[in-house]
Amino acid sequence: MSNNYWDTAILEPLRRFVDQAVTFLLHNFLAMLVVLLVGVLAAYASRVVLSLVLRLLGFDRFCEKHGVGNALESAGIALSPTAVAGRVAFWTVMMVFLILSLAALDIAPMNDLVSRLFVFLPQLLAALVILVLGYVVGVFLQRATLLASVNAGLPRARVLASTVQILVMLFTVAMALEQVGIGRSVVLATFSVAFGSVGLAAALAFGYAARDLARSVLERHLAGADREGLGEISHL
Amino acid sequence: MPDNDLNPVALSSELDRVGRADIVVGIPSLNSARTIGHVVEAVAAGLAGYYPGTSCAIVNADGGSGDGTPELARSAASGPIPVLVVKHDTRPPYRLGTSDRGFPGRGDAVRTILEAAERLDARACALVDGDVRGITPEWMQWLLDPVVREGMDFVAPVYARHKFDGMITTSLIYPLTRALYGRRVRQVVGGHFGISGLLARRFLRSGIWDRAGTLQAADVWMSTMAIADGLRVCQARLGAGRRSTRGAPEALGASFTQAVGTVFGLMEEYRPAWWAVVATADVPTFGPSQAVGLEPVSVNVDRMISTFRQGVEDLTPVWRRALDPETCAALAGLEGDSATDFRFPPDLWAQAVYDCAVAYHQRLLPRRHLLRAMIPLYLGRAAAFVLRTASSDAAEVEAEIEALCGVFEAMKPHLLDRWDARRP
């Protein structure tokens, strides 16, 4: 009686659990690992093949000719355009295989999550691309503004440069949030009000407080000669 | 003479028609309507006067002017010397970002001229900018004689300019290239050169034309290649050699980043040529010497110094990424000087330039930003030079430049020590 009870109540469920666990480990988990491994190989292969093809096509030269290399360099990315494209390909393939590996586990809630992820993935990727591009553009414009302002002798160059970067980042974040559908109307309304206010404030400030500066800049520019106010000399 | 302006393909058949020319003079141009007519006439008169009986041709390669420059060049041709006018439209249909490396089309224009010289089997070739003022027929003799009669490969120009003109050259490019390559060639950014047929072919065979960036600064590259490769280089005195931009100076930012960026870029390519050079030597100089301009000109020294000081205030975080800490500290120390006795010591300037060359090589900063961040430094040094030589005569100015060159040469180990050493 007691032996039967022990078998039925304890050992049998335990045996079933162990069987399921072993089956899970031997099939699903192993499948996940295999998918991951294949993913790493596929990602690596896609990176190598893409880099090779782009090199053969002269992608770096093309990018340099059209200013993409300069834009990357200006954003502090010390990689060639081909290397950047290779890395993007690697991580895109890797992400797809990561999601597939979760599906290979064949767990009901996970399956639901995976299907949602596949639906959400394009939006997420688009938002990430927007953020990265926004960062690149923001850094580029911040440095460019700082250097141009100093070389033009404008006061408060650092404040001006930081303001430009913050505005670009605000714009970027609003676009990224819009893309993933988070607080769509609130974000847009907040951003519109903030951006518009800053623009209006800047216009008023420049119009009233810096009229003389605006006049002298325009006069120098329109005069043609000695735009930089350094004199008649030719530097080169 | 052709009835219409030629595209590069049509030029080919026109060159076949001309057949052969011992001397080819190329005139790259871009929006040079005010000067191109006089330039073509002076070149034609010089060739007729100094090389009678020699077959010559003039090639005007235009980089896409919108002011009728090619038409004016064609109409100025009225002698027996054939004038071929070729138009380029080399600008890409769109660009992401901007370039500071010169006006579009110049590199292709120079290449077209060199190709024409090769097709015509020229013994000598001269390049003269289409926007130069003050060109005389004698220029042809000074640029071509060293090649034709002295067997030189490359003739660089020397200009008798005002003592405050060309300070990017006198305070940076000349001392730097002289210390690097050991040849005392005053003007690597010239616009007017004499080239042997052999060297023209050598230029064409190099891979430089495939690289978009350096292509726009072909002058600097050609001079540097001739110097670094140990060819027979000399100089020709061309008088004032002014461009028509006098009175409306070219944008400092574009000129500076284009010229200095190209010199820095070539340092990577020609490292084997300059690494072991420890002494410098003069090169032969032809043509009559002319006095340096000393008449008063308007120079806004206060503006230069204030830009330098604003650089110290706002750009120090940027400079710290490129310059040695002691260089940065020394630059900050200059800030306290008053405008009248402002000094920028030559050794500190040389140190800053070498640090920037290393930063360019090691990409410690985005290169375009690095070059722009150098502009306040340059203006500080230029202001100090103007103050120091305000009442100097030509000999004293020359001595000042010579002393600066000596400092660059003495401090070259500073560059060698840092070139390959990674900053912690």
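A helix here is a DSSP run of H or I at least four residues long, numbered from the N terminus. With that in hand, let's walk through this model, which is a predicted one, starting with chain A and then moving on to chain B.

Chain A is helical from end to end of its element list: it has 8 helices and 0 strands, so in order from the N terminus the elements read α-α-α-α-α-α-α-α. Of its 236 residues, 25% count as buried. The chain exposes about 14800 Å², and carbon and sulfur atoms supply 72% of that. As for how the chain meets itself, 62% of the contacts with a separation of 6 or more are between residues 24 or more positions apart.

Helix H1 of chain A, residues 2-57, is a good place to stop, and A:Leu30 sits in it. Is A:Leu30 buried, partly exposed or exposed? Its relative accessibility is 44%, so A:Leu30 counts as partly exposed. A:Leu30 also belongs to a nonpolar patch on the surface, together with A:Leu25, A:Phe29, A:Leu33, A:Val34 and A:Val38. Together these residues have about 490 Å² of accessible area.

Now look at A:Asn28, which is in helix H1 of chain A too. A:Asn28 has a relative accessible area of 18% and is buried, because the cut-off for buried is under 20%. Leaving aside residues up to four places away in sequence, A:Asn28 touches A:Thr23, A:Ala104, A:Leu105 and A:Asp106.

Further along helix H1 of chain A you'll find A:Ser51. At 11% relative accessibility, A:Ser51 counts as buried. What does A:Ser51 touch, if residues up to four places away in sequence are not counted? The answer is A:Thr82 and A:Gly86. A:Ala89 is 38 residues from A:Ser51 in sequence, and the two are 9.5 Å apart in space, C-alpha to C-alpha.

Over to chain B, which mixes its elements: 18 helices and 10 strands. Here 58% of the 424 residues are buried. The accessible surface comes to about 15600 Å², with 51% belonging to carbon and sulfur atoms. Among contacts between residues at least 6 apart in sequence, 85% join residues at least 24 apart.

For a look at helix packing in chain B, take H6(B) and helix H10, residues 252-269. Their axes come within 11 Å and cross at roughly 5 degrees. H6(B) and H10(B) are therefore roughly parallel to each other, since angles under 35 degrees count that way. On the H6(B) side, the contact is made by B:Ile168, B:Leu172, B:Ile173, B:Leu176, B:Thr177, B:Leu180 and B:Tyr181. H10(B) contributes residues including B:Leu252, B:Phe256, B:Val260, B:Phe264 and B:Met267.

Next come the charged pairs. Side chains of opposite charge can pair when their charged atoms come close. Over all chains, the count comes to 19 salt bridges. One of them joins B:Arg111 and B:Glu115, whose closest N and O atoms are 3.5 Å apart. These two are 4 residues apart in helix H4 of chain B, residues 106-119, so about one helical turn separates them. B:Arg111 counts as partly exposed, at 27% relative accessibility, and B:Glu115 is partly exposed as well, at 34%.

Other salt bridges reach across the sequence. The side chains of B:Arg178 and B:Glu402 meet in one, at 2.7 Å from N to O. B:Arg178 lies in helix H6 (residues 167-181) of chain B and B:Glu402 in helix H17 (residues 394-410), so the pair ties together parts that are 224 residues apart in sequence. Which end of this bridge is buried? It is B:Arg178, which counts as buried at 2% relative accessibility, whereas B:Glu402 counts as partly exposed at 34%.

Helix H17 of chain B shows up again with B:Glu398, which forms a salt bridge with B:Arg186; the closest N and O atoms are 2.7 Å apart. B:Arg186 lies in the loop between strand S6 (183-184) and strand S7 (193-196), while B:Glu398 is in helix H17, so the pair ties together parts 212 residues apart in sequence. B:Glu398 counts as partly exposed, at 31% relative accessibility. Finally, salt bridges that share partners join B:Arg20, B:Asp22 and B:Asp121 into one network.

Terms used. Residues are numbered from 1 along each chain as its sequence is written. Chains are lettered from A and ligands numbered from 1 in the order in which they are written. This is a predicted model: local features need pLDDT of at least 70, side-chain atom pairs count only at pLDDT 80 or more; totals for chains, interfaces and linings use all residues. Side-chain values use heavy atoms; hydrogens and water are left out. Patches are made of residues with over 30% relative accessible area and no salt bridge: like charges are joined within 9 Å, nonpolar side chains (Val, Leu, Ile, Met, Phe, Trp, Tyr) within 5 Å. Accessible areas come from the Shrake-Rupley method with a 1.4 Å probe; for residues, only the protein chains shown count as cover. A salt bridge is a side-chain nitrogen of Lys or Arg within 4 Å of a carboxyl oxygen of Asp or Glu. Buried means under 20% relative accessible area, exposed over 50%, partly exposed in between (1.4 Å probe, protein chains only). Contact means heavy atoms within 4.5 Å. Axes are lines fitted to C-alpha atoms, for helices over the stretch in contact, and angles run from 0 to 180 degrees between N-to-C directions. Angles under 35 degrees count as roughly parallel, over 145 as roughly antiparallel, 65 to 115 as roughly perpendicular and the rest as oblique.
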